[in-house]
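Take a look at the protein shown here. The report walks through how its parts fit together.

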Amino acid sequence: MDFEAKEILFHEFINVLSIKYPYAPALTYNGQTMNYTDLRVMSDRCSILLRKAGVKKGDKVAIWGYNSSSWVVTFLGITGAGAVAGFMNYALKADDITALLKSIDASWMVLGNNTVSMQSEEKAVEAAANAGIPKDRIIKMSDLINECTTMELYTEDMDNLFEIRSEIKPRDTQLIIFTTGTSSFPKAAQLSSYSCINDARCFAEYLFRHGKREDSGILIALPMFHSFGLLMLLFALTKGNHIYLPVDFMSDSIIKILGENQVSDMVAVGAIYGRLIEHPDFDAKVAGKMRYCVVGGSFSTKAMFLRYENAFCGTKFLNGYGQTETSPMISVGLPGESLDLRATRVGHPLPGLDVRIWSKEKGFLPAGEEGEIVVKGYNVMNGYYGLPEESQPFDEDGYLHTQDLGVIDEEGFLQITGRIKDIIIRCGENISPSEIEMILMEDENLTAVKVMGAPHSEWGESVEACIVVRDEGTFDEEATKAKLKSRIASFKIPSHFFIYSGFPYNSNEKLDQRSLRDDMMKRLNVCHMQETLVKGIQILSLSLNEQIYSVSFLGPMVRGLMKEFKYDDQMCDRVTREMKVVLGQQVLDAEQIEEDVRIKVVLMPDVVRISFTTGMQESVYEATKKAPNVSAVPTELGDRNSVNVLKNGEVEYCIDYRYPSDFRAVEFLVKAKA
């Protein structure tokens, strides 16, 4: 597919859409719907009001608020007035916002609802004032939007606006979005309407190559201050979609929208999809009704990808790759590609982009070799605001160096293999370990701290802390977390604190991070098992799709685990025999009716529960230590794909099925230290 980038501004983009789809619904938030004409008129009025207030071309105007239609209108109003919109994370503390505002020389603030203002509007205003923004330049978003709703557009106002807009160029910086690099302080990526709109246009054309308006809606459960949230907004507008913005990202809010409206597509991080599956109304209101679900931040395993597609019943999950510096999309998997490719690769690079693999020693690398991903093209940023040329991530040929490691195979598919930069990505949030380490080291009881990310089935990565404590008896984990909560956003707080008498060092007296990480992962595995044992642990999730996989391992595996939980031989024989009979019939039925078979085994200290699902039919076999029985028992399955085995009340080892090979379970015996 060929793609031609266009020289287009945000206000021109909205004007074209309002002509093309004048009365089609554009945005729905909190029950209120705005059509494409409303969106254009409101954003034009917002631009006029901001100019009358004194906003000039090139001024940095920060937006600090939750997702809403008002947020979208404000963003379009700022850029339409010739100013630069600075997107602020609504979850940050006041001091963090002050520092970010100073770093981009912000001279205006549009203040919406955020975590600070919801507690104290005075503190939110103070955060902007401490950055040097005069109080008469701190505008309440609600006041701005109310005035937009009631004002009239006069010819003189529009003439002045046209004159101002004639001075704006599509490749000028019109957005600043913060991204976390290897240092603790975020970098300010400068984006243009040219980079953002063309990235969204190409993404839309690449996925849907027909140019027709989409009659059904799309739900966006991503923060708009993130570049991916903005991309999905522009992507949906490009297609003339009806966009639904939930008032929050809780399952109740999302399922209510999905159940009451014609919504076929959705975008969210993996953790949100995981919570939806567990909601009691999921099967009735969501499963089987969605077309595509786009993942903001990839799943950690192929098994997780399979689990979500099975639960959504026919929905295709799409995985991609990008970063804020590239507006942000670089590549994306297509719906027609196999699940294996969509789960383990991030698709082909978008048309029109020059994406290569590079090595400092060898230069550009051939297919199949690992190196740094570099990008050049229409979606690349204008550089980091405030940093000198030598600190910018571009080489002399104009390629952006992503600091991500990857491989492009012979067929052109891109696979992400690691990161050069030392950051943790949790639910799409970039987290700098050094920021957390610096605050923890303020505690005089801690002599060393190392914060690292660990693979997580839903979040992508979790934040974990390894610490060396002077007096272990006086360390209070909950008090430490409370202190962190007062200083940093909640998503940055470590899930666990692992205490060491001392860290391992190599011969050069440098921290042996690999050894420390290996030990931390063993401890973390034990923690996960201990935390989930009481619920019952899912030890297998296997899908048989149009072919029969070997299932002979199920019998001896379940028998062995039952023995560990002190089931007697007669009970073990009875359960495994009945399980094989039911399983054999389920597989036979699936072969005849060409439907999927889904098998789940849950083992608890006193109960073995095995469920078989064919199409929409489910049968459950459940045995207790007293007597087995077959009945349709409601199942409450945990999210883990692991089993914990106890000996003498202590963890002896665990068997982990999170990394199956070709969807056949493979045993990984992990020796666990208490």
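The sections below go from the whole chain to its cores, helices and sheets.

## The whole protein

This is a predicted model. The protein has 674 residues, and 57% of them count as buried. Its secondary structure comes to 19 helices and 34 strands.

How far apart in sequence are the residues that touch? Take the contacts between residues at least 6 apart in sequence. Of these, 68% join residues at least 24 apart.

## Two nonpolar cores

The largest nonpolar core holds 127 residues. Which members touch the most others? They are Phe87, Met232, Met266 and Phe312. A second core is separate and has 41 residues, including Leu100, Leu111, Ile133 and Ala489.

Now zoom in on Phe87. Set aside its neighbours within four places in sequence. Phe87 is then in contact with Ile63, Trp71 and Phe75. It also touches the run Leu175, Ile176, Ile177 and Phe178. Met224, Phe225 and Leu230 complete the list.

## An enclosed helix

Helix H11 covers residues 270-278. Seven of its nine residues are buried, so the helix is largely enclosed by the rest of the structure. Which ones are buried? They are Gly270, Ala271, Ile272, Tyr273, Gly274, Leu276 and Ile277.

## Two helices that cross

Two packed helices are described by the angle and the distance between their axes. Here the pair is H15 (residues 433-440) and H16 (residues 477-485). Their axes come within 11 Å and cross at roughly 120°. The crossing is right-handed.

Which residues make the contact? H15 supplies Ile436, Ile439 and Leu440, while H16 supplies Thr480, Lys483 and Leu484. By class, four of these residues are nonpolar, one is polar and one is charged.

## A strand with two partners

Strands of a sheet pair through backbone hydrogen bonds, either parallel or antiparallel. Strand E1 (residues 25-29) runs antiparallel to E2 (residues 32-35), and four bridges join them. Proline 25 stands opposite asparagine 35 in E2. E1 and E2 form a hairpin with two residues between them. In that turn, asparagine 30 has a positive phi of about 55°.

E1 also pairs with E10 (residues 242-245). This pairing is parallel and has three bridges. Tyrosine 29 stands opposite leucine 245 in E10.

## A five-stranded sheet

Five strands form an open sheet in the order E18-E17-E19-E20-E21, with antiparallel pairing. Why do E18 (363-364) and E21 (414-419) each have one side without a neighbour in the sheet? Both stand at the edges with a single partner strand each, so one side of each is left without a neighbour there.

At one of these edges, E20 (residues 400-408) pairs with E21 over five antiparallel bridges. Aspartate 404 has arginine 419 in E21 as its bridge partner.

## A three-stranded sheet and its helix

Another open sheet has three strands in the order E14-E15-E16, again with antiparallel pairing. E14 (320-322) and E16 (348-349) stand at the edges. Each has a single partner strand, so one side of each is left without a neighbour in the sheet.

Two bridges pair E15 (residues 329-332) with E16 in the antiparallel sense. Valine 332 stands opposite histidine 348 in E16. Helix H8 (residues 193-207) packs on this sheet and touches E15 and E16. The direction of H8 makes about 10° with that of E15.

Conventions. Residues are numbered from 1 along each chain as its sequence is written. This is a predicted model: local features need pLDDT of at least 70, side-chain atom pairs count only at pLDDT 80 or more; totals for chains, interfaces and linings use all residues. Side-chain values use heavy atoms; hydrogens and water are left out. A nonpolar core is a set of buried Ala, Val, Leu, Ile, Met, Phe, Trp, Tyr and Cys residues joined through side-chain atoms within 4.5 Å. Buried means under 20% relative accessible area, exposed over 50%, partly exposed in between (1.4 Å probe, protein chains only). Contact means heavy atoms within 4.5 Å. Axes are lines fitted to C-alpha atoms, for helices over the stretch in contact, and angles run from 0 to 180 degrees between N-to-C directions. A crossing is left-handed if the near helix is turned anticlockwise from the far one by less than a right angle, and right-handed if clockwise. Ala, Val, Leu, Ile, Met, Phe, Trp, Tyr, Cys and Pro count as nonpolar, Asp, Glu, Lys and Arg as charged, and the others, Gly among them, as polar. Two strands pair if DSSP finds at least two bridges between them.
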